[in-house]
Amino acid sequence: MTAHVFSSTPSDLFSPVQLGALVLKNRIVMSPLTRSRAGSLGVPGQLNADYYAQRASAGLIITEATNISAQARGYAYTPGIYNEAQVAGWRQVTDAVHAQGGLIVCQLWHVGRISHPSLQPGGELPVAPSAIQPKAQAFTENGLQPIPTPHALSIDEIKSVLADYHHATQSARAAGFDGVEIHAANGYLIEQFLKDKTNQRTDMYGGSIENRCRFLLEVVDTVIRAWDAAHVGVRLSPLSTFNDISDSNSQALFCYAVEQLNRFELAYLEVVEGETGGARQLENGFDLQMLRRLFKGMYIANNGYDQRMAVEALQHHRADLVSFGRPFIANPDLVKRFQIDAPLQSLDPSTLYGGDGRGYTDYPAIR
Ligand code: 8OZ
């Protein structure tokens, strides 16, 4: 192993890097991408194994967002990681990725209020920190449906969600993953606690920044009891408004959150820079580099990067790694294309969510 493996001053995208317990062959990460091809029961299979194995030349694959419990589900056909059938399904995926020399971590997801009774056990209301209806629609098996006002979690119910995170982490280990990423971004449950548009609680989980960060920190704490912190990353989206969310002082909120995350010595922090899947230009003067500088571990930058931007970010120490989402959909061999400066294939938006192998496993690699 070369000396620069453990250096935090990368020479280029293709240099290896240590991320907690993992040694990556390059700094090109496949970001989590919901593709909705895991059936009604959320059980991955051969099709998903093929898809991920095709992309195993990434330094690290982060799976699509994966439900930690039946209650965590908010989108039809998304996978879960809470029962035996799902663990066995994911085992096929992790084996296939490992056979190709790749590494894969499981993104742990609870959608909170971004769900619909038809996706919930017993047809119950979705849950959230506060009973505030989102201006958003749910992707159900019967198409897009209006989302009702959620049920506000009691303290005991919060404890039970934390237990679900613990169980899901154990399941991810059993499925052969190389680690887990806690999805604390994009308007789902953890972010619903963090940001004040969605958290109006008056107990220890609401009000002050400290209180609104409590749930995130408890999730991290419970996850690292199931798997050491060197196998755990966190994803944040400080500025995203996706799923009808915002915060009145996101700079202060996220600086505090990141300072607190430092104590766990996590494998990495992944940050969606700007609007999820949208503009990187940030209107309100929020300084993302402040989070990068505050965080003591490895920083994965995400959102709309191309190769040139990624190289620049590494050269200027604005990131240690870069995760790519959309480019990996149509370019299973993205790493090779970057290496040989080959043109990128463009993706077909009509096959992004749901369906079969079309637009999923049939994008050709360069020969
Ligand atoms: C797009 C469509 C469905 C889900 C996220 C899990 O935003 C998602 C997601 C994105 O993190």
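Reader: Okay, so exposed means over 50% relative accessible area, buried means under 20%, and partly exposed is in between. With that in hand, is Arg-358 buried or exposed?

Author: Arg-358 is exposed, because its relative accessible area is 56%. Keep in mind that this is a predicted model.

Reader: Got it. What does the side chain of Arg-358 meet in a salt bridge?

Author: Its partner is Asp-356, with 2.6 Å from N to O. Asp-356 counts as partly exposed, at 33% relative accessibility.

Reader: Which residues get joined into one network by salt bridges?

Author: Glu-181, Arg-235 and Glu-270, through salt bridges that share partners.

Reader: And how many salt bridges turn up in the whole structure?

Author: A search of the whole structure gives 14. One of them pairs Lys-197 with Asp-244, where the closest N and O atoms are 2.7 Å apart.

Reader: What does that Lys-197 and Asp-244 pair tie together?

Author: Parts that are 47 residues apart in sequence, because Lys-197 sits in the loop between helix H4 (189–194) and H5, while Asp-244 sits in the loop between strand E11 (232–236) and H6.

Reader: Is Asp-244 buried or exposed?

Author: Asp-244 is buried, at 16% relative accessible area. Lys-197 is partly exposed, with 37%.

Reader: Any other pair worth a look?

Author: Try Asp-203 and Arg-201, whose side chains form a salt bridge at 2.7 Å, N to O. Arg-201 is buried with a relative accessible area of 10%, and Asp-203 is partly exposed with 25%.

Reader: Switching topic: which strands make up the closed barrel?

Author: The barrel has 8 strands, in the order E3-E4-E5-E10-E11-E12-E13-E14, and the pairing is parallel. From one strand to the next, the twist averages 25 degrees.

Reader: How many bridges join E4 to E5?

Author: There are 5, and E4 (residues 60–67) runs parallel to E5. For an example, Asn-67 has Trp-109 in E5 as its bridge partner.

Reader: Which strands does helix H1 lie across?

Author: H1 (residues 46–54) lies across strand E3 (28–30), E4 and E5, and it runs at about 150 degrees to E4. Helix H5 lies across E5, strand E10 (179–184) and E11, at about 165 degrees to E10.

Reader: At what angle do H5 and H6 pack?

Author: About 35 degrees, with the axes of H5 (residues 209–226) and H6 (residues 250–261) 10 Å apart. H5 passes H6 in a right-handed crossing.

Reader: Which residues of H5 and H6 meet?

Author: On the H5 side you'll find Ile-209, Glu-210, Arg-212, Cys-213, Leu-216, Leu-217 and Val-220. They meet Ala-252, Leu-253, Tyr-256, Ala-257, Gln-260 and Leu-261 in H6. The residues of this H5 and H6 contact divide into 10 nonpolar, 1 polar and 2 charged.

Reader: Last thing: where is Val-111?

Author: Val-111 is in the loop between strand E5 (104–109) and strand E6 (127–128). Val-111 is buried, with a relative accessible area of 0%.

Reader: What is Val-111 in contact with, leaving aside neighbours within four places in sequence?

Author: Its contacts are Ala-72, Arg-73, Gly-74, Tyr-75, Gly-187, Tyr-188, Leu-189 and Gln-192. As for Val-127, it is 16 residues from Val-111 along the chain, and their C-alpha atoms are separated by 8.6 Å.

Definitions and conventions:
Residues are numbered from 1 along each chain as its sequence is written. This is a predicted model: local features need pLDDT of at least 70, side-chain atom pairs count only at pLDDT 80 or more; totals for chains, interfaces and linings use all residues. Side-chain values use heavy atoms; hydrogens and water are left out. Axes are lines fitted to C-alpha atoms, for helices over the stretch in contact, and angles run from 0 to 180 degrees between N-to-C directions. Helices (H or I, at least four residues) and strands (E, at least two) are DSSP runs, numbered from the N terminus. A crossing is left-handed if the near helix is turned anticlockwise from the far one by less than a right angle, and right-handed if clockwise. Contact means heavy atoms within 4.5 Å. Ala, Val, Leu, Ile, Met, Phe, Trp, Tyr, Cys and Pro count as nonpolar, Asp, Glu, Lys and Arg as charged, and the others, Gly among them, as polar. A salt bridge is a side-chain nitrogen of Lys or Arg within 4 Å of a carboxyl oxygen of Asp or Glu. Buried means under 20% relative accessible area, exposed over 50%, partly exposed in between (1.4 Å probe, protein chains only). Two strands pair if DSSP finds at least two bridges between them.
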